[in-house]
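These are my notes on one structure, in the order in which I looked things up. I began with its internal space and then turned to single residues.

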Amino acid sequence: MKVTVDPDLCEANGLCVAAAPDVFELIDDDVVDILLPEPPPEMESAVAEAVIACPKQALRLLAE
Ligand code: SF4
């Protein structure tokens, strides 16, 4: 699994950080940072929750 963020859509509201704090982090004010762009299997459910939680549909999952 890979996860990406569209910086044009992200409004840095942090909802994905709340769902998966090991994968996402807010460092600046404009766009979320992805700490683990290829999350391990044990984090996949949290990442999926983060994708659903994003109100801007800024996150994308790519299955491998
Ligand atoms: S939930 Fe969506 S809009 Fe909010 S910080 Fe995460 S990617 Fe950006």
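Entry 1, the cavity. I looked up the volume of the largest cavity and found about 90 Å³. The model I am reading is a predicted one. I then checked how many cavities reach 30 Å³ or more, and the count is one.

Entry 2, the lining. I asked which residues line the largest cavity. The lining has 14 residues, and Cys-10, Ala-12, Asn-13, Cys-16 and Cys-54 are those nearest the centre of the cavity. By class, I recorded ten nonpolar residues, two polar ones and two charged ones in this lining.

Entry 3, the ligand. Where does the ligand sit? I found the ligand in the largest cavity. I next listed its surroundings: Cys-10, Glu-11, Ala-12, Asn-13, Gly-14, Leu-15, Cys-16, Val-32, Cys-54, Lys-56 and Leu-59. Sorted by class, this shell holds seven nonpolar, two polar and two charged residues.

Entry 4, the cysteines. Cys-10, Cys-16 and Cys-54 are among the residues around the ligand, and I therefore looked up how many disulfides the structure holds, given that a pair of cysteine sulfur atoms must lie within 2.5 Å to count. The number of disulfides is zero. I also asked whether Cys-10 is buried or exposed. Cys-10 has a relative accessibility of 14%, so I noted it as buried, the limit being under 20%. Cys-54 is buried as well, because its relative accessible area is 13%.

Entry 5, Ala-12. I located Ala-12 in the loop that runs between strand S1 (2–5) and helix H1 (15–19). Its relative accessibility is 18%, and Ala-12 therefore counts as buried. I noted its backbone too: phi of Ala-12 is near 55°, which is positive although the residue is not glycine. Ala-12 also belongs to the shell around the ligand.

Entry 6, Gln-57. I found a positive phi at Gln-57, near 50°, again in a residue other than glycine. Gln-57 is placed in the loop between helix H2 (44–53) and strand S4 (59–62).

Entry 7, Ala-19. I placed Ala-19 in helix H1. Is Ala-19 buried or partly exposed? I recorded Ala-19 as partly exposed, because its relative accessibility is 23%. Finally, I looked up its separation from Ser-45. The two residues are 26 residues apart in sequence, and their C-alpha atoms are 9.6 Å apart in space.

Methods: Residues numbered from 1 in each chain as written. Predicted model: local features only at pLDDT ≥ 70, side-chain atom pairs only at ≥ 80, totals over all residues. Heavy atoms only, no water. 1 Å grid on protein atoms, 1.4 Å probe; cavity = no way out; pocket = protein on both sides within 12 Å on 5 of 7 lines; lining within 4 Å. Points joined across faces, edges and corners; volume = space filled by probe spheres on them. Nonpolar A, V, L, I, M, F, W, Y, C, P; charged D, E, K, R; others polar. Near = heavy atom within 4 Å. Sits in = over half its atoms within 2 Å of the grid points. Buried < 20%, exposed > 50% of the residue type's maximum accessible area, 1.4 Å probe, protein only. Helix = DSSP H or I, 4+ residues; strand = E, 2+ residues; numbered from the N terminus.
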